[in-house]
Amino acid sequence: MRTCDVIAKKRDGGKLTSKELEFVVQGFIEEEITDYQMSAFLMACYIRGLDIDETGNLTKVMASSGEQVDLSAISGIKVDKHSTGGIGDKTTLVVGPLVAAAGVPVAKMSGRGLGYTGGTIDKLESIPEFNPYLKENEFIRQVSKIGIAIVGATENINPADKKIYALRDVTATVSSIPLIASSIMSKKIAGGADAIVLDVKVGSGAFMKKPDDARELAKLMVNIGEKAGRKTVAVITNMNEPLGFTVGNALEVKEAIDTLKGKGPKDLTELCLTIGSHMLVLGEAETSVKSAREKLEEVICSGKALKKFAQFVEAQDGNPEVIDNYDILPRAKIVSDYIASGDGYISSIDAEAVGKAALELGAGRATKDDKIDSSVGIVLKHKVGDHVEAGDVLVEIHANDIVLLDRADTIIDNAISISKEKLEKKAMVMEVIS
Ligand code: URA
């Protein structure tokens with residue numbers, strides 16, 4: 001087989017076989033296929049697309065490109081969750097302990113963020129001393145003992161995705177539905193969970209800007225998951241404004257803890273209860289989404305979810321006192337208010353712009369080697385639909401540098417629209433695909 005012939009076949013709209021996909025992916029990892037050939041291949045896939053069989057086969061080849069985690073030593077059905085990525089998305093920090101407290105084991109590998117804010121691991125690392133690096137046997141022991149562990153994915157799991165994603169990022173080939181589906185599902189399959197709940201985000205702050213695209217991606221991933229023998233459900237959710245009120249690592253940890261106390265923002269709470277309910281049903285801890293939701297509400301009210309979070313943080317060397325004392329989290333030196341200039345209803349908050357402002361402040365990484373500042377970020381004081389008056393604080397900007405603060409302020413200036421009429425707010429959960 002020759003790389004050039006496989007590229008030409010896809011360029012001309014042909015259907016690739018499993019062998020051809022394996023040849024390209026394996027050759028790329030082993031550095032027999034160069035970056036320029038792989039770039040051409042990815043662009044051919046981007047333009048011509050991959051059908052359901054090709055996407056499923058690509059997923060399999062990527063999932064088996066490295067180690068596959070074996071969670072069979074942990075009893076019970078292990079359910080994973082994954083979000084396609086959004087601004088202010090701290091769902092895993094809430095859903096993990098919530099679901100574990102309700103009896104379904106959570107053995108989760110998460111990533112660091114590239115882009116607007118940190119990933120789950122970056123957020124957890126804003127808790128002093130938190131250790132995201134457990135050996136596989138420690139990871140399994142901790143889940144068996146306390147029902148939850150969240151660790152950083154190691155280099156050996158799905159090396160194909162790491163290498164391919166890095167190239168997609170610089171060759172304008174990220175936003176391809178089959179490439180996104182195979183990237184996400186190969187990670188989930190290699191992660192070893194028995195069942196998967198996917199949070200597919202749609203809106204200005206998401207990869208998928210249109211509901212039809214989000215639906216196509218969700219259906220494709222559910223299909224791949226089921227064919228790989230993993231029960232899979234996808235929830236399509238609104239990402240037109242940031243999730244909750246905070247964007248930035250330590251700020252998001254505080255908001256996640258508030259949510260576990262039952263005092264979280266409405267949208268975040270709704271999303272966590274929805275994702276968590278599906279996880280309990282797939283984990284066979286409950287028979288219906290309705291009863292699962294009631295169970296989760298009870299677990300929050302009784303304080304069990306919060307206690308599970310503290311137990312999980314302590315097990316990974318973090319300070320569990322964080323649940324009662326937010327002062328141990330890093331704090332920015334400057335907090336600057338952004339003020340409303342007129343009266344009316346907030347008609348939109350551009351999630352992507354808020355994410356960019358947080359990135360300017362240092363809450364995210366522009367390149368994978370950038371260091372994150374855990375303390376900085378954005379706190380919204382209002383959400384879409386709220387009535388505000390001139391002089392009200394709309395946003396707090398948490399910064400450590402006056403120049404970066406000014407840049408973030410300029411971005412926020414164009415991010416929030418106020419209108420005289422109240423617009424109908426879109427529902428958080430738009431559709432469930434199973
Ligand atoms: N998230 C992933 O893990 N992969 C993609 O391709 C896009 C979003």
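Before I start, one definition: helices and strands here are DSSP runs, numbered from the N terminus, where a helix is an H or I run of at least four residues and a strand is an E run of at least two. With that in hand, I can say where Gly-229 sits, namely in the loop between helix 10, residues 211-227, and strand 5, residues 231-238. Please keep in mind throughout that this is a predicted model, and that what I describe is computed from its atoms.

Let me stay with Gly-229 for a moment. Is it buried or exposed? Its relative accessibility is 60%, and because the cut-off for exposed is over 50%, Gly-229 counts as exposed. If you look for Ile-189, you will find that its C-alpha is 9.4 Å from that of Gly-229, although 40 residues separate the two in sequence.

Now to the ligand, where I would like you to look at the residues that surround it. The shell consists of Tyr-165, Arg-168, Ile-180, Ser-183, Ile-184, Lys-187 and Phe-207, and by type these divide into four nonpolar residues, one polar and two charged. Which atoms of the ligand do the polar side-chain atoms of Arg-168, Ser-183 and Lys-187 lie beside? For Arg-168, a polar side-chain atom lies 2.9 Å from an oxygen atom of the ligand. For Ser-183, the partner is a nitrogen atom of the ligand, at 2.7 Å from a polar side-chain atom, and for Lys-187 an oxygen atom of the ligand lies 2.6 Å from a polar side-chain atom. As for how much of the ligand is covered, it exposes 240 Å² when taken alone, and the protein buries 90% of that. Two elements give two or more residues each to this shell, helix 8 (159-169) and helix 9 (177-190), and it is helix 9 that gives the most, with four residues.

Around helix 8 there are also two residues whose backbone deserves a careful look. As background, most residues other than glycine have a negative phi. Asn-158, which is not a glycine, nevertheless has a positive phi of about 50°, and you will find Asn-158 in the loop between strand 3 (148-152) and helix 8. Ala-172, also not a glycine, has a positive phi of about 55° and lies in the loop between helix 8 and helix 9. Their surroundings can be read from the accessible areas: Asn-158 counts as buried, because its relative accessibility is 1%, whereas Ala-172 is exposed, with a relative accessible area of 58%.

Next, I turn to two aspartates, beginning with Asp-80, which has its place in strand 1, residues 79-83. Asp-80 counts as buried because its relative accessibility is 6%, and buried means under 20%. What does the side chain of Asp-80 make a polar contact with? The partner is the side chain of Lys-188, at 3.1 Å. Leaving aside the neighbours within four places in sequence, the residues in contact with Asp-80 include Lys-108, Ala-193, Val-197 and Met-279.

The second aspartate, Asp-267, lies in helix 12, residues 266-282, and is buried too, with a relative accessible area of 14%. Its side chain makes a polar contact with the side chain of Lys-383, at 2.7 Å. Beyond the neighbours within four places in sequence, Asp-267 is in contact with Pro-242, Leu-243, Gly-244, Lys-383 and Met-428.

Finally, let us look at the aromatic rings, of which the structure holds two pairs. A pair of aromatic rings is described by the distance of the centres and the angle of the planes. Phe-130 and Phe-312 form an edge-to-face pair, 5.7 Å centre to centre and with 70° between the planes. This pair links distant parts of the chain, 182 residues apart, with Phe-130 in the loop between helix 6 (120-124) and helix 7 (136-146), and Phe-312 in helix 14, residues 304-315. The other pair, Phe-309 and Phe-312, is edge-to-face as well, at 6.1 Å centre to centre and 70° between the planes, and both of these residues lie in helix 14, three residues apart, about one turn of the helix. Which residues make up the aromatic cluster? Phe-130, Phe-309 and Phe-312 form one cluster, and each can be placed by accessibility: Phe-130 counts as buried at 7%, Phe-309 is buried at 1%, and Phe-312 is buried at 1%.

Definitions and conventions:
Residues are numbered from 1 along each chain as its sequence is written. This is a predicted model: local features need pLDDT of at least 70, side-chain atom pairs count only at pLDDT 80 or more; totals for chains, interfaces and linings use all residues. Side-chain values use heavy atoms; hydrogens and water are left out. A residue is near a molecule or strand if one of its heavy atoms lies within 4 Å of it. A polar contact is a pair of N or O atoms within 3.5 Å; within protein, one must be able to donate a hydrogen and the other to accept it, and residues adjacent in sequence count only if both atoms are side-chain atoms. Accessible areas come from the Shrake-Rupley method with a 1.4 Å probe; for residues, only the protein chains shown count as cover. Ala, Val, Leu, Ile, Met, Phe, Trp, Tyr, Cys and Pro count as nonpolar, Asp, Glu, Lys and Arg as charged, and the others, Gly among them, as polar. Buried means under 20% relative accessible area, exposed over 50%, partly exposed in between (1.4 Å probe, protein chains only). Contact means heavy atoms within 4.5 Å. Rings of Phe, Tyr and Trp (its six-membered ring) pair if their centres lie within 6.5 Å; planes under 30 degrees apart count as stacked, over 60 as edge-to-face and the rest as tilted.
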